[in-house]
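Please read through the model below with the sequence at hand. The explanation moves from the overall build of one chain to its interior, and then to the contact between chains.

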Amino acid sequence: MSDHARTLPGAGDGGRTPSDDTSRPANGPARHGGWPLWEVFVRPRRGLAHHHVGSLHAPDAELALRNARDLYTRRQEGVSIWVVPAAAITASSPDEKDAFFDPAADKVYRHPTFYEVPEGAPHL
Amino acid sequence: MDHLLALGDDALVAAQRLGEWVAAAPELEEDIALANIALDQLGAARMLLTYAGELEGAGRDEDALAYLRDDREFRNCLLVELPNGDFAVTMAKLLFLAAYQLPLYTALSGCADERLAAIAGKARKEVAYHLDHARLWTLRLGDGTAESHRRMQSAVDEIWPYTHELFQPDPTAPVDPAGLRAEFLAIVEPVLAEATLTRPADGWAPEGGRRGLHTEHLSYLLAEMQVLHRAHPGARW
């Protein structure tokens with residue numbers, strides 16, 4: 001893993017990782033010492049993709065799925081849930097933002113706006 | 001209507017007990033899970049007590065039945081009124097309650113009383129989830145550390161005697177609970193075995209709840225649950 005990569009989105013700006021939880025300030029017990037963080041993805045309807053909705057703590061994948069059901073689908077938000085260990089996610093670093101994303105800013109030709117839309121194909 | 005009160009009061013008192021965990025559960029996630037389960041039980045209790053009040057025909061609605069009866073008039077089993085104890089005791093109570101309610105509601109969902117069948121059909125799906133939740137925690141605590149195993153076994157031993165009352169015969173009910181114990185054991189015994197817990201021997205079998213003879217714990221629970229309505233009759237949000 002490169003020095004710039006993080007194991008969690010936003011880890012550099014206040015995000016939490018399991019290892020952060022065991023090294024909390026001494027003003028409170030490390031309540032989540034053994035419980036890793038999970039990222040939750042919910043598919044709102046058939047045909048749509050799973051979207052990231054938030055995170056939670058759980059001791060294992062089975063309970064993470066149930067906790068996700070209780071926390072994120074109480075109001076019929078979804079028909080399918082994925083849970084992923086937060087530690088398994090490799091995220092881009094805020095430090096790399098310029099190098100990663102700025103070069104795309106002046107390349108308008110990458111947008112599919114230079115084509116004539118054929119008649120009778122309004123939803124192309 | 002006594003069989004409806006038994007069902008409704010089981011759900012109501014279980015909901016009140018589970019609600020005590022709100023903001024006090026071991027984890028935020030578990031807090032929400034227990035609150036969800038409590039609200040499922042409360043939802044079933046409301047429908048059952050409303051129906052019981054209508055059958056009685058004395059003008060009592062769900063609130064009158066929930067807030068204005070004394071302990072001797074409650075028909076819930078003793079198991080649900082027992083204090084929450086530690087988390088293991090709460091999970092043992094939930095495991096046994098759900099393993100009783102699941103076959104009961106399943107059988108009731110096919111009974112001749114259409115309204116009761118509809119209530120049971122809805123509650124059955126909710127209770128299947130309650131059972132799942134209690135089962136997963138029982139497995140993890142029973143087959144976890146030495147300390148979690150000790151506390152889970154102690155909880156199962158403590159609560160087991162109170163499961164016998166659930167299956168007291170009631171030939172006048174649409175589904176006689178006496179016939180459900182085999183299904184209850186078929187659910188519970190494999191969970192205990194997989195959790196490396198010893199299934200307690202059958203012996204002492206405290207009962208009386210279905211006749212209104214409760215433990216002292218119910219009075220304290222009712223005092224807290226009913227105080228607002230009794231102090232301010234008809235109070236609404």
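What follows is a guided reading of the model, beginning with confidence and overall architecture.

This is a predicted model, and the confidence of the prediction deserves attention before any detail is taken from it. Chain A averages a pLDDT of 75, with 73% of the residues scoring at least 70. Over residues 1–31 of chain A, however, the pLDDT is below 50, although this stretch has 40 contacts in the model beyond near neighbours in sequence. Where pLDDT is low, the predicted coordinates should not be read in detail.

Chain B contains nine helices and zero strands, and from the N terminus on its elements run α-α-α-α-α-α-α-α-α. The radius of gyration of chain B is 17 Å, close to the 18 Å that the globule rule gives for 237 residues, so chain B is as compact as a globular protein of that length. Along its principal axes, the C-alpha trace of chain B spans about 55 × 40 × 30 Å, and buried residues make up 44% of the 237 residues in the chain. Among the contacts in chain B with a separation of 6 or more, 74% are accounted for by residues 24 or more positions apart.

Two residues, taken from helices at either end of the numbering, illustrate contrasting surroundings. Gln16(B), which is found in helix 1 (residues 2–19) of chain B, is buried because 21 other C-beta atoms lie within 10 Å, where 20 or more are required. Leaving aside its neighbours within four places in sequence, Gln16(B) is in contact with Leu221(B) and Met225(B). The C-alpha atoms of Gln16(B) and Gly53(B), 37 residues apart along the chain, are separated by 20 Å. Val227(B), by contrast, has its place in helix 9 (residues 216–231) of chain B and counts as exposed, because it has 11 C-beta neighbours inside 10 Å and the limit for that class is 12 or fewer. Although Val227(B) and Tyr67(B) are 160 residues apart along the chain, their C-alpha atoms are separated by 8.2 Å.

The interior can be approached through the largest nonpolar core, which has 71 residues; Leu48(B), Leu79(B), Met91(B), Leu95(B), Phe96(B), Ala98(B) and Ala99(B) touch the most other members. Helix 5 (residues 87–108) of chain B gives the most to this core, with 15 residues. Ala98(B) touches Val127(B), His130(B), Leu131(B) and Ala134(B), not counting residues up to four places away in sequence. Apart from the largest core lies another, of 12 residues, among them Trp38(A), Val40(A), Leu63(A) and Ala86(A).

The contact between the chains takes 12 residues from chain A and eight residues from chain B. Helix 2 (28–56) and helix 6 (114–142) of chain B each supply at least two residues of the side that touches chain A, and helix 2 of chain B gives the most to that side, with four residues. By class, the side of chain B that touches chain A has three nonpolar, two polar and three charged residues.

Helix 2 of chain B also merits a look as an element in its own right. With 29 residues, helix 2 of chain B reaches 41 Å from its first C-alpha to its last, close to the 42 Å expected at 1.5 Å a residue. Helix 2 of chain B is followed by Gly57(B), whose phi is positive, near 75°.

Key:
Residues are numbered from 1 along each chain as its sequence is written. Chains are lettered from A and ligands numbered from 1 in the order in which they are written. This is a predicted model: local features need pLDDT of at least 70, side-chain atom pairs count only at pLDDT 80 or more; totals for chains, interfaces and linings use all residues. Two residues are in contact if their C-beta atoms, placed from the backbone, lie within 7 Å. Ala, Val, Leu, Ile, Met, Phe, Trp, Tyr, Cys and Pro count as nonpolar, Asp, Glu, Lys and Arg as charged, and the others, Gly among them, as polar. A nonpolar core is a set of buried Ala, Val, Leu, Ile, Met, Phe, Trp, Tyr and Cys residues joined through C-beta atoms within 7 Å. The radius of gyration is taken over C-alpha atoms; the globule rule is 2.2 Å times the number of residues to the power 0.38. pLDDT is the predictor's confidence in each residue, from 0 to 100. The expected span of a helix is 1.5 Å times one less than its number of residues.
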